[in-house]
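I opened the notebook to look up a few local features in this structure. The entries follow in the order in which I checked them.

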Amino acid sequence: MIIFSVETSCDETALALVEAKGDGNNPQFKTIKSLVASQIKIHAPFGGVVPSLAKREHEKNLPILFEKIFSGKIKMKNVDLIAVTVGPGLEPALWTGITFAKKISEKYKKPIIGVNHLEGHLYSFLLSLNAKKDGRFDFFPGIGLVVSGGHTILVLMKNLFEYKKLGETCDDAIGECFDKVARILNLPYPGGPEIEKLAKNGDDRKIQFPSPMVNQKNYNFSYSGLKTAVLYHLKGIQKEKNSHLWTSPKNGKRISKNDLKNNADVSASFQRAAFEVVAKKTLRAVKEFGAKSIFVGGGVAANKNLKKRIENEAKKNGSAVSIFIPPFKYCQDNGVMIAVAGFMNHLKNKKYKLEAEGNLNF
Ligand code: KG4
Ligand code: ZN
C-alpha cells in the first residue's frame with residue numbers, strides 16, 4: 001500500500017510517500033520520499049511558534065511540497081491512502097493540512113484517514129527496525145516514551161494495537177522546558193539542540209537542580225519548577241557578579257562574562273536533572289510491567305544524552321531491556337511517522353474525525 005501523508009500540527013510542513021506492508025504482527029515501511037519545510041527561522045525571533053504565522057506558511061508551503069513530492073515516478077494515481085494529522089497541535093495549523101488533504105482526497109477519489117500526532121511519535125520506533133534483522137515482533141510488553149515540545153507521556157504497550165497511558169506531565173512538556181531554559185540563557189529557538197551542544201562542555205554535577213516528582217510513585221512529570229530553578233540560579237549568579245557586567249552585542253542585555261562559561265555547566269546540570277526523571281520513571285515502568293522494550297519518540301529523543309541516560313538506568317537496574325529510538329530525522333516532526341500511524345489506524349480500523357482537535361490526547 002502506498003500512503004501519502006500530510007503533517008501541519010506545528011511549525012513544520014511535512015509531506016511523505018511511504019510504502020507500507022505486513023500486518024499488526026510485522027508491519028514494514030519503506031520511505032519513498034519525505035519532505036519537511038521548517039519554519040524555525042520565521043518563528044525564532046518570537047522565541048516560539050506563532051499560530052497565525054504557522055498557518056500562513058503551511059498554506060504557502062503545501063502546494064509547493066505537493067508538486068515536489070509527486071515529481072518522481074510515483075503519482076497521485078498510485079496512492080492507496082491519504083493520512084493527515086488531526087491533532088494535537090495548533091488548530092489553525094492543523095486545519096490547513098486537513099483542508100488540503102481533504103481537497104486532494106476528493107479530487108483524486110482516494111480514501112483518507114485521520115492521524116493522532118502522538119501516535120506518529122509513538123509508532124516512529126517502527127522506522128528504526130530492520131525487518132530482516134529484527135524479524136517478527138517479540139518486543140512486548142513495551143514502554144513507550146513520547147518526549148516532544150508539547151508532550152511528556154509514558155505509555156504501556158501490550159502489543160502494537162493495545163496501549164494505555166501510564167502518566168504525563170502536569171504542566172510544561174520536557175521540550176518546552178528545554179526551549180524556555182534556552183531562552184533564559186539567550187540561546188536561539190528551538191532550545192533543545194542548543195542546550196545539548198552547550199552541555200557537552202559543561203559539568204553536569206556542578207549545580208544540583210531539582211528533578212521534580214522523581215520519587216513520587218506515579219508516572220507523571222512536572223517541568224515548570226525546573227525552569228524556575230534555573231532562572232533563580234542565574235539570578236543569584238547575576239547578583240554576585242554585578243561588578244563585572246557587560247552588554248551583550250546580540251540583544252543589549254547586561255550579563256556577566258563569567259556567566260558565559262557558567263552556561264555550559266547550567267546546560268549540562270539542567271539536562272541531567274530533566275532526563276533523570278524520565279529515565280528513572282521509564283525504568284520503573286519497565287520493572288513494574290515486565291517490559292522487554294522501550295520505544296522513545298518525539299523531538300527530545302534526538303538528544304543523544306537521553307539514550308545514554310536510559311541505558312545507564314537500565315544497567316543500574318540490571319535490566320536487559322532493548323531501547324529503540326528512531327533515526328534523527330524521524331524524531332522531529334515529519335510526514336513518515338504520520339504515514340506509519342495512518343497505516344496502523346487502517347489495520348485496526350481506527351477512525352478519527354477529519355477535524356482539527358488541538359487537545360487530542362492518547
Ligand atoms: O516532536 P517535535 O519536533 O515537535 C512537537 O511535536 O512538539 O519536538 C520539538 C521539541 C522542541 O521543544 C525542541 O527544543 C526539542 O523537541 N528538541 C530537543 C532536541 N532537539 C529537539 N530537546 C533536547 N535535545 C535535543 N537535541
Ligand atoms: Zn511532534
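**Entry 1: a phenylalanine pair and its cluster**

I looked up Phe-324 and found it buried, with a relative accessible area of 12%. The model is predicted, so I read every value here as computed from a prediction. I then asked which ring Phe-324 pairs with, and how the two planes are set. The partner is Phe-125, at 6.5 Å centre to centre with 50° between the planes, and the pair is tilted. Phe-324 belongs to strand E12 (residues 322-324), while Phe-125 is in the loop between H4 and helix H5 (131-134). The two are 199 residues apart, and I noted the pair as a link between distant parts of the chain. Phe-125 is buried too, at a relative accessible area of 0%.

I followed the ring pairs outward from there. They join Phe-125 and Phe-324 with Phe-139, Phe-140 and Phe-295 into a cluster.

**Entry 2: other ring contacts**

I took the count of aromatic pairs, which comes to 14. One of them is Phe-4 with Phe-66: the ring centres are 5.7 Å apart and the planes stand at 65°, so I entered the pair as edge-to-face. The cut-off I relied on is that planes over 60 degrees apart count as edge-to-face. Phe-4 sits in strand E1 (residues 2-7) and Phe-66 in helix H2 (residues 51-69), so far as the DSSP runs define them. The pair links distant parts of the chain, 62 residues apart. Phe-4 and Phe-66 are both buried.

I also looked for a charge over a ring. The charged end of Lys-281 sits over the ring of Phe-221, at 5.9 Å from the ring centre.

**Entry 3: the zinc site**

I asked which residues coordinate the zinc ion (ligand 2). I found His-117 through NE2, His-121 through NE2 and Asp-333 through OD, at 2.0 to 2.1 Å. In sequence these donor residues follow the spacing H-x3-H-x211-D. His-117 lies in helix H4 (residues 117-123), and Asp-333 lies in the loop between helix H11 (328-331) and helix H12 (336-348), so this pair ties together parts that are 216 residues apart in sequence.

I checked the accessibility of two of the donors. His-117 is buried at a relative accessible area of 6%, and Asp-333 is buried at 16%. Water is not among the atoms, so I left open whether the site is complete.

**Entry 4: the largest pocket**

I took the volume of the largest pocket as about 1100 Å³. Its lining has 42 residues, and those nearest the centre are Ser-148, Gly-149, Gly-150, Asp-179 and Tyr-189. I asked which helices each supply at least two residues of the lining. They are H4, helix H6 (174-184) and helix H7 (191-199). H6 gives the largest share of the lining, six residues. By class, I entered 14 nonpolar, 18 polar and ten charged residues in the lining.

**Entry 5: backbone checks**

Most residues other than glycine have a negative phi, and most peptide bonds are trans. I therefore listed the exceptions that came up.

The peptide bond from Gly-87 to Pro-88 is cis, with omega near -10°. Pro-88 is in the loop between strand E4 (81-87) and helix H3 (91-108). Another cis bond joins Phe-140 and Pro-141, with omega about 0°. Pro-141 is in the loop between H5 and strand E6 (142-147). Phe-140 is also a member of the ring cluster in my opening entry.

For phi, I noted Lys-109, near 50° and thus positive in a residue other than glycine. Lys-109 lies in the loop between H3 and strand E5 (112-116). Is Lys-109 buried or exposed? Its relative accessibility is 72%, and it counts as exposed. Asn-186 also has a positive phi, near 60°. Asn-186 is in the loop between H6 and H7, and it is partly exposed, with a relative accessible area of 23%.

**Entry 6: one distance**

I looked up Phe-29, which lies in strand E3 (residues 28-38) and is buried at a relative accessible area of 18%. Phe-29 and Pro-190 are 29 Å apart in space, C-alpha to C-alpha, and 161 residues apart in sequence.

Note on methods:
Residues numbered from 1 in each chain as written. Chains lettered and ligands numbered in written order. Predicted model: local features only at pLDDT ≥ 70, side-chain atom pairs only at ≥ 80, totals over all residues. Heavy atoms only, no water. Donors = N, O, S within 2.8 Å, 3.2 Å for Na, K, Ca; no water. Helix = DSSP H or I, 4+ residues; strand = E, 2+ residues; numbered from the N terminus. Buried < 20%, exposed > 50% of the residue type's maximum accessible area, 1.4 Å probe, protein only. 1 Å grid on protein atoms, 1.4 Å probe; cavity = no way out; pocket = protein on both sides within 12 Å on 5 of 7 lines; lining within 4 Å. Points joined across faces, edges and corners; volume = space filled by probe spheres on them. Nonpolar A, V, L, I, M, F, W, Y, C, P; charged D, E, K, R; others polar. Phe/Tyr/Trp six-rings, centres within 6.5 Å; stacked < 30°, edge-to-face > 60°. Lys NZ or Arg CZ within 6 Å of the ring centre and 35° of its normal.
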